[in-house]
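Here's a quick briefing on the voids and helix packing in a structure you may want to poke at. Have a look at it first, then read on.

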Amino acid sequence: MEQLSRPKPRRTALTEALLRIVAQHGLEQVSVREVAAAGGVSIGTVQHYFPTKDDMLAAAFTAVVDRMRQRIESVCLGPDVRRNLSTVLSELLPLDATRAAESRVQLAFAARAATAPELAGIQRSVLAEITDALTGAFDRAAAGTATPAQSRIAAQLAVAATDGLALHAVSSGGWLSTAQVSAALEFLLDALVPRGPHRTGHC
């Protein structure tokens, strides 16, 4: 007998409805009424799960961050640190429809974080987590030729450049193609981590 899929928890379904609104129309269109309509529920139901708009936005931002984190954690890493850096950072770029939608949402929330303390806290946590992980990778790639402080600067530069590429790609109406975005990332990494001899990973 075919097993029926279980319905998603109501809070999760409402969060996903909010994310669809942001991806298609931006944060300015987000309201309790719009989320209720998109989720097929009453305004009171939305307010039950998200008492304030800030609560709703924080939940949605956290959901986007969790999706990105899960994708990065699922990347199979091999012994070539330079290749690992390229693979991980590529997951943060809008190189397909899924990542493009996520980039639009993530960048919209990041901009809002400039004036929203709760979102700013999430943004700081995300940046710290990614930067710490990349710092370790750059340190391994340097193999003793860079100080820990220099490896951290390289990580910060990589994160900032990746965010900038994502912003330009999703906001410029095709000014940057996916091939150009990928080439720009590789150019940056070539400057930060010289390519070593090819090594085959275990993926």
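The largest pocket in this predicted model comes in at about 460 Å³. Its lining counts 20 residues, and helix 7 (residues 117-142) chips in the most, with seven. There are also closed voids to look at: a search of the whole structure turns up two cavities of 30 Å³ or more.

**The largest pocket**

- Head for Ile72, Val88, Ile130, Ala133 and Leu134 if you want the middle of the pocket, since these are the lining residues that lie nearest its centre.
- Helix 4 (residues 53-73), helix 5 (81-90) and helix 7 are the elements that each give two or more residues to this lining.
- On chemistry, the lining of the largest pocket splits into 15 nonpolar residues, one polar and four charged.

**The largest cavity**

- The largest cavity holds about 130 Å³ of space.
- Its lining is made up of Met68, Leu92, Ser103, Gln106, Leu107, Gln123, Val126, Leu127, Ile130, Val159, Asp163 and Ala166.
- Three elements give two or more residues each to that lining: helix 6 (97-112), helix 7 and helix 8 (148-171).
- Helix 7 tops the list here too, supplying four residues to the largest cavity, just as it gives the most to the lining of the largest pocket.
- Ile130 turns up in both places: it lines the largest cavity and is among the residues nearest the centre of the largest pocket.
- By class, you get eight nonpolar, three polar and one charged residues around the largest cavity.

**The second largest cavity**

- This one has a volume of about 40 Å³.
- Asp54, Leu57, Ala58, Ala116, Glu118 and Leu119 form its lining.
- Helix 4 and helix 7 each bring at least two of those residues, with helix 4 holding the largest share at three.
- The class split for the second largest cavity is four nonpolar, no polar and two charged residues.

**Helix 4 against helix 7**

- These two pack at an angle of about 15 degrees, with their axes 9 Å apart.
- Angles under 35 degrees count as roughly parallel, so helix 4 and helix 7 are roughly parallel to each other.
- The crossing of helix 4 past helix 7 is right-handed.
- From helix 4, the contact uses Asp54, Asp55, Leu57, Ala58, Phe61, Thr62, Val65 and Arg69, while helix 7 answers with Glu118, Leu119, Ile122, Gln123, Val126 and Glu129.
- Sorted by class, this contact has seven nonpolar, two polar and five charged residues.
- Some of these residues do double duty: Asp54, Leu57, Ala58, Glu118 and Leu119 belong to the contact and also line the second largest cavity.
- Likewise, Gln123 and Val126 sit in the contact and line the largest cavity.

**Helix 1 against helix 4**

- Helix 1 (residues 10-25) packs on helix 4 at an angle of about 85 degrees, with their axes 9 Å apart.
- Which way does helix 1 run relative to helix 4, roughly parallel or roughly perpendicular? Roughly perpendicular, because an angle from 65 to 115 degrees falls in that class.
- On the helix 1 side you'll find Arg11, Thr15, Glu16, Leu18 and Leu19, which meet Met56, Ala59, Ala60, Ala63, Val64 and Arg67 of helix 4.
- That contact divides into seven nonpolar residues, one polar and three charged.

Conventions:
Residues numbered from 1 in each chain as written. Predicted model: local features only at pLDDT ≥ 70, side-chain atom pairs only at ≥ 80, totals over all residues. Heavy atoms only, no water. Axes fitted to C-alpha atoms, helices over the stretch in contact; angles between N-to-C directions. Parallel < 35°, antiparallel > 145°, perpendicular 65-115°, else oblique. Left-handed = near helix turned anticlockwise from the far one by under 90°. Contact = heavy atoms within 4.5 Å. Nonpolar A, V, L, I, M, F, W, Y, C, P; charged D, E, K, R; others polar. 1 Å grid on protein atoms, 1.4 Å probe; cavity = no way out; pocket = protein on both sides within 12 Å on 5 of 7 lines; lining within 4 Å. Points joined across faces, edges and corners; volume = space filled by probe spheres on them.
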